[in-house]
Amino acid sequence: MIAKQAGQYIVTALLAAALAGCAAGVKRTDDTAKRQAYFAGGGKLAKDVSVSMSKNAREQLADNLKFDQEKLLATVKRALGAKGLLAKAPDDKLPTIEIVVTDIRVRSSFSAVMWGFMAGDDHINGEVVARDQAGRELQRFQVSAAYALGGLAGGQDETRMSWLYETFAQETVNELTGTSGEPKQ
């Protein structure tokens with residue numbers, strides 16, 4: 001009986017850890033004028049998208065060499081392009097989308113395989129701002145993507161980083177277009 005209960009606790013703990021292994025979310029700004037999805041309803045295009053790093057993220061980069069700012073940018077551009085949100089030709093009258101990465105962490109392959117979620121998570125957090133041609137903010141929100149799986153599923157650097165880039169991009173596009181489901185605070 002005790003062994004059965006112990007087994008149930010272990011299975012429950014492992015299941016909870018697996019479910020908590022990957023997470024993503026959006027936090028909207030407190031400014032209600034900048035909470036509405038600017039690109040919702042279709043027909044609106046962005047001139048371009050950029051990715052930069054905050055001072056904190058630049059400092060973290062020395063310990064997180066597997067993070068690639070250009071791959072994140074390419075993934076976000078691909079996601080925006082797939083939704084038809086990027087202009088084919090430059091047009092200075094269109095808004096721009098700025099992403100500032102504020103926090104990054106990438107576990108070593110050894111830590112990801114051996115310790116899994118107990119070694120913490122890999123994550124990318126950033127601030128996304130859509131601005132009109134005059135620089136006024138149209139929409140602002142924060143995006144977070146985290147990956148904490150371990151073992152063989154969490155040990156492949158490319159798997160972890162691709163998941164983070166794709167998830168960050170998808171959360172960004174969903175929030176810009178208003179397709180993120182329930183409102184998030």
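# Exercises on a predicted α/β model

From the N terminus on, the elements of the protein run α-β-β-α-α-β-α-β-β-α-α, where helices (H or I, at least four residues) and strands (E, at least two) are DSSP runs numbered from the N terminus. The model is predicted: local features need pLDDT of at least 70, side-chain atom pairs count only at pLDDT 80 or more, and totals for chains, interfaces and linings use all residues. Residues are numbered from 1 along each chain as its sequence is written, and side-chain values use heavy atoms, with hydrogens and water left out.

## Exercise 1: overall content

State how many helices and strands there are, and what percentage of the residues is buried.

Step 1. The protein has six helices and five strands.

Step 2. Buried means under 20% relative accessible area, exposed over 50%, and partly exposed in between (1.4 Å probe, protein chains only). Buried residues make up 37% of the 185 residues.

Step 3. Contact means heavy atoms within 4.5 Å. Of the contacts with a separation of 6 or more, 74% are between residues 24 or more positions apart.

## Exercise 2: the core

Identify the residues of the largest nonpolar core that touch the most other members, and the element that gives the largest share.

Step 1. A nonpolar core is a set of buried Ala, Val, Leu, Ile, Met, Phe, Trp, Tyr and Cys residues joined through side-chain atoms within 4.5 Å.

Step 2. The largest such core has 33 residues, of which Phe67, Leu72, Leu80, Val101 and Ile124 touch the most other members.

Step 3. At least two core residues each come from strand S2 (48–53), helix H3 (69–82), strand S3 (96–105), strand S4 (122–131), strand S5 (137–147) and helix H6 (157–177). H6 gives the largest share, seven residues.

## Exercise 3: helix H3

Compare the expected span of H3 with the distance between its end C-alpha atoms, then locate its buried residues.

Step 1. The expected span is 1.5 Å times one less than the number of residues. For the 14 residues of H3 this gives 20 Å, and the end C-alpha atoms are 20 Å apart, which agrees.

Step 2. Leu72, Leu73, Thr75, Val76, Ala79 and Leu80 are the buried residues of H3. They cover an arc of only 165° around the axis, so they lie on the same side of H3; the arc is that of the directions from the helix axis to the C-beta atoms.

Step 3. Glu70 and Ala82 are exposed on the other side of H3.

Step 4. At the start of H3, a side-chain oxygen of Asp68 comes within 2.9 Å of the backbone nitrogen of Glu70. After H3 comes Gly84, with a positive phi near 70°.

## Exercise 4: strands

Determine the sense in which S2 pairs with S3 and S4 with S5, and describe the side chains of S2.

Step 1. Two strands pair if DSSP finds at least two bridges between them. S2 and S3 run parallel and are joined by six bridges; Val49 stands opposite Ile97 in S3.

Step 2. The side chains of S2 alternate. Val49, Val51 and Met53 point to one face and are buried, while Asp48, Ser50 and Ser52 point to the other and are not buried.

Step 3. S4 and S5 pair in the antiparallel sense over ten bridges. Glu127 has Gln142 in S5 as its bridge partner.

Step 4. Five residues lie between the strands of the S4 and S5 hairpin, in which Gly135 takes a positive phi near 95°.

## Exercise 5: two polar residues of H6

Classify Thr172 and Glu175 as buried or exposed, and list their contacts.

Step 1. Thr172 lies in H6 and counts as buried because its relative accessibility is 0%.

Step 2. Its side chain reaches the backbone oxygen of Phe168 at 2.8 Å. Leaving out residues up to four places away in sequence, Thr172 touches Ile99, Val128, Phe141 and Val143.

Step 3. Glu175 is also found in H6. Glu175 is buried, with a relative accessible area of 2%.

Step 4. A polar contact is a pair of N or O atoms within 3.5 Å; within protein, one must be able to donate a hydrogen and the other to accept it, and residues adjacent in sequence count only if both atoms are side-chain atoms. The side chains of Glu175 and Arg28 make such a contact at 2.4 Å.

Step 5. Beyond neighbours within four places in sequence, Glu175 is in contact with Val26, Arg28, Arg35, Ala37, Gln139, Phe141 and Ser180.
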